[in-house]
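Hi,

Here is the model I promised to pass on. Have a look at it first, and my notes follow underneath.

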Amino acid sequence: MKASRLLMIGLLVGTALSTTACARRAVTNMQTLISSDCGQHWRRIEPGQTIPRQLLACDLRVSIPNYPMQGDALFKVNFQNRVLVTVSASYEYTITDSLKFINNARYVGRQNSEADGAENGAGPYETAENLIIDRRIREVASNLLRDEDIVTFDSSAFEDKLLAEMNRVLGERGIQLNSIAFVPTPDVQTRQAIDAGAAIRVYEAIGLGDLGRQMMVARAGASSVVVNNTTPKSVGKED
C-alpha cells in the first residue's frame, strides 16, 4: 500500500517536472497575447513567463512582433491651390502596445501558432500597414498639405510635423512611427511652374523682378532648334 502510494507520488512529481520543462515561455522579440474567451478579451504574457496551456476550445494565443518593421505607401495628394502630386512615403514603425493593436487588427497574427514561426513574421503585418498606417498617412498628409505652397515646400520640416501628428493618431492604436521619409513628385508642368516661381523669387530678391519676367517670357516663346549631325556617305569613284 505504501509502495503504491509512493509510486503514485513519484508519477505526479515526474509529470509536473516534465510539464514545467516542456512549458513554452514568452520570448523578448515577440509580444505574446492569450485569450480564454475566443478573443473577446486579451492578456499579455511578459517575456520569460510561462505561457498557459490551451485546454479549451476558446483558448487562443497570438504572437505580435516586438521589433521595428518597415513599410511604404504611394498615393496622390493636393497641395495649396489644388496642385496634385504623387507622394512616396517610407517609414519604420514599432507595435508598442499589443493589446491596443490587436483590437484594431484582429486579422493579423495567426492564432495558436509558434512565436518564431513564419506565420508570425513581418510579412503578414503588411496588411496592417495598408489598413492602419498607410490610410492614416494619406489622411493626415492631406489635411496638413492643404495650406502648403508647393513652391516653398520644405520636406524636412514637413516630415517632422507629419511624424508628430502620425504618432498622436497611431498611439491610440498601439503603433509608433520611428521615422518617415516623405517625397512628393509633381508632374512635368508643375515642376516647370515651380522652377519659374523659384526663378521669379530670385530675380525679385536682387531687384530685377521685371527683367526676370521678360527673360522668362522670351525663353518660353523661343523656338527650340534641333541640330542633327550626319556623316556623308563616301561615294565610290566611277570607272
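Let me start with one residue, Thr94, which sits in strand E5 (residues 84-95); helices (H or I, at least four residues) and strands (E, at least two) are DSSP runs, numbered from the N terminus. Before going on, some housekeeping: this is a predicted model, so local features need pLDDT of at least 70 and side-chain atom pairs count only at pLDDT 80 or more, while totals for chains, interfaces and linings use all residues. Residues are numbered from 1 along each chain as its sequence is written, and side-chain values use heavy atoms, with hydrogens and water left out.

Back to Thr94. Is it buried or exposed? Thr94 counts as buried because its relative accessibility is 14%, and buried means under 20% relative accessible area, exposed over 50%, partly exposed in between (1.4 Å probe, protein chains only). Its side chain makes a polar contact of 2.9 Å with the side chain of Asn178. For that term, I took a pair of N or O atoms within 3.5 Å; within protein, one must be able to donate a hydrogen and the other to accept it, and residues adjacent in sequence count only if both atoms are side-chain atoms. If you skip the neighbours within four places in sequence, Thr94 is in contact (heavy atoms within 4.5 Å) with Tyr67, Pro68, Gly174, Ile175, Gln176 and Asn178.

Asn178 also turns up around Leu163, a residue of helix H4. Not counting residues up to four places away in sequence, Leu163 touches Leu177, Asn178, Ser179 and Ile180. From Leu163 to Ile137 it is 9.3 Å, C-alpha to C-alpha, with their positions 26 residues apart in sequence.

Now the chain as a whole. It comes to six helices and six strands, and along the sequence the pattern reads α-β-β-β-β-β-α-α-α-β-α-α. Of its 239 residues, 32% count as buried. Among contacts with a separation of 6 or more, 64% are between residues 24 or more positions apart. The exposed area is about 15,600 Å², with carbon and sulfur atoms supplying 53% of it; areas come from the Shrake-Rupley method with a 1.4 Å probe, and for residues only the protein chains shown count as cover.

Next, a sheet. Three strands form an open, antiparallel sheet in the order E2-E1-E3, where two strands pair if DSSP finds at least two bridges between them. Which strands are at the edges? They are strand E2 (43-45) and strand E3 (60-65), each pairing on one side only. On average, neighbouring strands here are turned by 30° against each other, direction ignored; axes are lines fitted to C-alpha atoms, for helices over the stretch in contact, and angles run from 0 to 180 degrees between N-to-C directions. Strand E1 (residues 30-35) pairs with E3 in the antiparallel sense over six bridges, and Ser35 stands opposite Leu60 in E3.

The aromatics are worth opening in your viewer. The structure holds four aromatic pairs; rings of Phe, Tyr and Trp (its six-membered ring) pair if their centres lie within 6.5 Å, and planes under 30 degrees apart count as stacked, over 60 as edge-to-face and the rest as tilted. One of them is Phe79 with Phe153, edge-to-face at 5.1 Å centre to centre and 90° between the planes. This pair links distant parts of the chain, 74 residues apart: Phe79 is in the loop between E4 and E5, and Phe153 is in the loop between helix H3 (126-145) and helix H4 (155-170). Phe79 is buried, at 2% relative accessible area, and Phe153 is buried too, at 16%. Another pair, Phe158 with Phe182, is tilted, at 4.9 Å centre to centre and 55° between the planes. It also links distant parts, with Phe158 in helix H4 and Phe182 in strand E6 (residues 175-185), 24 residues apart. Phe158 is buried at 2%, and Phe182 is buried at 0%. Phe79, Phe153, Phe158 and Phe182 form one aromatic cluster.

Last, some backbone angles. Most residues other than glycine have a negative phi. Asn81, however, has a positive phi near 65°, and Arg82 has a positive phi near 60°. Asn81 is in the loop between strand E4 (69-78) and E5, and Arg82 lies in the loop between E4 and E5. Asn81 is exposed, with a relative accessible area of 68%, and Arg82 is exposed with 69%.

Cheers
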